[in-house]
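Biologist: Before I rely on the labels attached to this structure, I would like to hear the reasoning behind them. Could you take them one at a time and set each value against its cut-off?

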Amino acid sequence: MEVKNSLTHTTLTVRDCTRVDGGHFLLSLSNIGGTTSIPVNVKVLDRPGPLDGPLKVKIVSAEKCNLHWNPPLNDGGASVSHFVIEKRETSRVTWTAVENDTGKYVLTAKNYSGSKSAFINVRVMDSPSAPTNLEVKDVKRDSVSISWEAPLIDGGSKISHYIIEKREEARKAFTSICSNCVRNSYKIDNLQEGCFYYFRVLAVNEFGTGLPAEIAEAVKVSEAPLPPGKITFSDATCNSGRLSWEKPDHDGGSKITRYIVEMQAKGDDTWTICSETRALEVTINGLARGKEYFFRVSAVNEKGKSEPKTLLAPVTINDTSAEPVMNLLSNTFSVKAGNDLKIDVPFKGVPQPTVAWKKEGNLLKETSRVNVYTSDTSSQMIIKDATRIDAGMYEVTLANSVGSASAEIFVNVFERPGPPCDLSLDEVSADFINIGTKGRVEITATKTHTSLLIRESVRKDSGQYTLTLQNTGGTISKAITCKVLDRPGPPAGPLEVSGLSAEKCTLSWGPPHETGGAEIMYYIVEKCETSRVAWILVYGDMMATTCKITKLLKGNEYLFRVKAVNKYGEGETLESEPIKAVDPFTIPSAPTDVEVTSATRDTMTISWKRPDTDGGSRISGYIIEKREKQGVRWVRVNKKPVYDLRVKASCLHEGCEYEFRVFAENAGGLSEPSLPCSLTLAEDPKFLPSPPAKPTIIDSSKSSITLSWNNLTVMTYTL
């Protein structure tokens with residue numbers, strides 16, 4: 001860079017200038033009279049700089065792909081006229097130019113007098129490229145809203161409409177949802193809740209259908225759950241309480257991951273999160289005695305948080321705690337060896353007491369035969385296939401912050417008895433004999449009466465007893481019916497599950513064989529998911545011996561149990577086998593023997609045979625798709641399901657070859673596609689012409705005859 005000054009001018013010389021030498025220069029002149037400045041803008045003319053950002057390759061197929069780039073930051077002092085695109089196979093070292101006929105051409109005409117040039121813009125007409133920026137805007141439990149932008153390349157013709165298609169994650173073929181969408185957004189309805197879907201959009205102009213833009217990841221059709229059900233506050237102490245709630249009526253199509261519990265002291269404006277849990281209850285500590293609180297619960301799944309469910313009225317924290325209390329009808333239980341024994345201990349206590357079982361002073365060890373199940377209101381010990389070692393003294397202890405309570409329970413296991421021992425005549429007189437044994441049963445006989453005493457009676461002592469009196473004059477017998485009053489036994493099994501579907505089933509059972517000496521008032525029906533430990537009440541006062549269970553979750557495995565209730569309490573339970581909530585049907589098999597029975601230049605009639613199996617559900621219709629010989633995409637023919645075994649496809653292009661395939665549909669969904677029929681050409685059928693009318697001789701000569709007949713539209717005649 002060199003600067004030369006003279007009396008009348010100044011010169012700045014930059015040798016071997018480059019693109020970075022361009023820019024804004026400021027020339028300042030000063031003398032004793034003052035200073036003046038002149039801005040000078042210097043532009044270095046050069047080839048353009050590199051493109052800005054990476055070269056992106058999008059929508060790759062077997063024959064073509066789309067390239068995207070940004071213009072260079074430095075255009076070299078002139079606007080960019082065009083871009084040169086080159087390609088190279090990775091196995092080669094040379095680059096070759098990619099032909100692109102679209103652009104600006106110069107037409108020059110010359111003669112002896114001179115030449116004249118003109119610019120001509122050339123646009124190659126083609127089907128459009130794929131739409132851009134396809135994204136999911138909103139997801140509900142049975143619908144999805146999508147939006148997109150117009151293709152970068154419209155193929156030289158205005159985009160007339162878009163085609164929207166969907167595909168379930170488990171399937172390979174896309175099906176058309178809307179074939180004439182004129183907007184850049186669409187709401188897709190009637191989707192299967194909880195299923196995963198892919199969506200894609202194709203632009204259409206007058207030259208054909210462009211490449212698809214597809215969503216990269218499958219979309220699960222679900223939404224935030226509904227609010228939880230009824231909320232209950234219980235077991236209040238001076239500084240804590242237990243909050244419980246019911247499951248939401250609907251989980252939004254996704255499994256509920258947790259519940260958020262919030263509280264608000266009366267007079268405050270803010271809600272505070274006090275717990276997050278996966279259970280349907282929580283114990284809230286740190287409350288102030290005498291203060292009023294509001295509580296609310298929200299359900300959360302992978303799609304978000306539900307609206308909160310608020311406790312109807314504020315809760316005043318008062319101490320309602322009480323020490324545990326047990327309500328045992330008997331503390332002695334007997335069971336025959338090989339049978340099962342269930343000992344149910346109902347209890348009450350605030351706060352919820354903890355339960356501990358002991359045998360002979362040692363903590364009870366649970367095994368595959370001996371198990372303890374504890375709920376909010378009772379604790380149950382179950383001994384399966386009882387043996388002599390299960391006999392003995394058991395102790396159940398309840399404890400909470402207020403106090404504790406315990407009870408001793410004696411279990412007798414009976415086996416086949418041997419002969420009585422220590423038989424003694426306790427008292428003998430002229431009027432009676434008293435025979436004593438050391439068991440539960442004692443028989444006393446006098447001259448005028450006899451008595452049978454059964455100590456520590458159990459339900460199995462009920463039945464018919466026969467008293468027989470005999471002397472030299474003859475024999476007489478009297479039947480005596482004995483009822484042991486108790487809670488009822490289990491309902492008569494098995495607990496049958498019928499009418500099973502993905503959402504509901506029907507339970508049926510028989511009345512218990514042992515009523516406990518009182519009328520059965522009603523039955524309690526409960527259900528439990530096998531992945532959980534808590535039982536959920538379904539019916540608390542079922543009068544019949546059959547009921548319908550609803551609101552099952554598809555794919556989940558359930559257990560059901562029923563127990564009878566009389567005036568003495570709740571009886572033993574009858575439990576079902578595990579069942580899975582699934583529909584009793586599947587998708588049908590594919591239709592067979594698809595063929596084109598007739599064709600014209602713009603229509604074809606397609607027929608097929610029914611599937612070999614309907615999947616256990618009636619076929620509700622058929623879906624037909626077509627594809628051109630040179631095409632890669634199947635296009636739906638019928639907008640609504642077809643109920644016949646044939647359909648007429650219209651709006652075909654004359655001279656094109658088409659193949660067709662058929663789907664069957666039932667309540668389980670679409671079948672796999674049938675094998676496509678053979679390619680058929682869209683053209684009018686050709687027939688031999690009818691014979692001409694009777695020819696007439698109109699002239700004759702020695703060597704020729706002239707004939708005439710009615711004119712027909714034929715190419716040639718043969719004589």
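Modeller: Let me begin with a term we shall need shortly: contact means heavy atoms within 4.5 Å. Please also keep in mind throughout that this is a predicted model.

Biologist: Which residues does serine 674 touch, not counting residues up to four places away in sequence?

Modeller: With those sequence neighbours set aside, serine 674 touches Ala590, Pro591, Val594, Arg661 and Val662. Serine 674 itself sits in the loop between strand 57 (669-670) and strand 58 (680-681).

Biologist: What makes serine 674 count as buried or exposed?

Modeller: Buried means under 20% relative accessible area, and serine 674 has 4% relative accessibility, so this residue is called buried. Its side chain also reaches the backbone nitrogen of valine 662 at 2.9 Å, and since a polar contact is a pair of N or O atoms within 3.5 Å, that distance satisfies the cut-off.

Biologist: How do you know that arginine 627 and glutamate 659 meet in a salt bridge?

Modeller: The definition asks for a side-chain nitrogen of Lys or Arg within 4 Å of a carboxyl oxygen of Asp or Glu, and the N to O distance for arginine 627 and glutamate 659 is 2.7 Å, so the pair qualifies. Arginine 627 lies in strand 53 (residues 621-628) and glutamate 659 in strand 56 (residues 657-666), so the salt bridge ties together parts that are 32 residues apart in sequence.

Biologist: Why are the two partners, arginine 627 and glutamate 659, given the accessibility labels they have?

Modeller: Glutamate 659 has a relative accessible area of 12%, which puts it under the 20% limit, so it is buried. Arginine 627, at 22%, falls between the 20% and 50% limits and is therefore partly exposed.

Biologist: What can be said of arginine 532 and glutamate 529?

Modeller: Their side chains meet in a salt bridge at 3.4 Å, N to O, a value that is within the 4 Å limit. Glutamate 529 counts as buried because its relative accessibility is 9%, whereas arginine 532 is partly exposed, with a relative accessible area of 35%.

Biologist: And how far apart are the closest N and O atoms of glutamate 223 and arginine 141?

Modeller: The closest N and O atoms of glutamate 223 and arginine 141 are 4.0 Å apart, and the pair is listed as a salt bridge. This pair links distant parts of the chain, 82 residues apart, with glutamate 223 in the loop between strand 18 (219-220) and strand 19 (231-234), and arginine 141 in the loop between strand 11 (132-139) and strand 12 (144-149). Arginine 141 has 31% relative accessibility and so counts as partly exposed. A search of the whole structure finds 25 salt bridges.

Biologist: What makes strand 28 and strand 30 a pair?

Modeller: Pairing requires at least two bridges between the strands, and strand 28 and strand 30 (residues 341-350) have 3 bridges in the antiparallel sense, so they are paired. One bridge partner can be named: alanine 322 is matched with valine 350 in strand 30.

Biologist: Which strands are the edge strands of the open sheet with the order 28-30-34-33?

Modeller: That open sheet of 4 strands has antiparallel pairing. Its edge strands are strand 28 (322-326) and strand 33 (370-374), each of which pairs on one side only. The twist averages 20° from one strand to the next.

Biologist: Why is lysine 551 called exposed, and what is said of its phi?

Modeller: Exposed means over 50% relative accessible area, and lysine 551 has 58%, so the label applies. Its phi is positive, about 60°, although lysine 551 is not a glycine, and the residue is found in the loop between strand 47 (546-549) and strand 48 (557-566).

Biologist: How does aspartate 385 stand in accessibility?

Modeller: At 45% relative accessibility, aspartate 385 lies between the two limits and therefore counts as partly exposed. Its phi is near 50°, a positive value in a residue other than glycine, and aspartate 385 is found in the loop between strand 34 (378-383) and strand 35 (392-399).

Biologist: What kind of peptide bond joins glycine 493 and proline 494?

Modeller: The bond is cis, with omega about 0°, and proline 494 has its place in strand 43 (residues 492-498).

Technical notes:
Residues numbered from 1 in each chain as written. Predicted model: local features only at pLDDT ≥ 70, side-chain atom pairs only at ≥ 80, totals over all residues. Heavy atoms only, no water. Helix = DSSP H or I, 4+ residues; strand = E, 2+ residues; numbered from the N terminus. Buried < 20%, exposed > 50% of the residue type's maximum accessible area, 1.4 Å probe, protein only. Axes fitted to C-alpha atoms, helices over the stretch in contact; angles between N-to-C directions. Polar contact = N/O pair within 3.5 Å; in protein donor to acceptor, adjacent residues only side chain to side chain.
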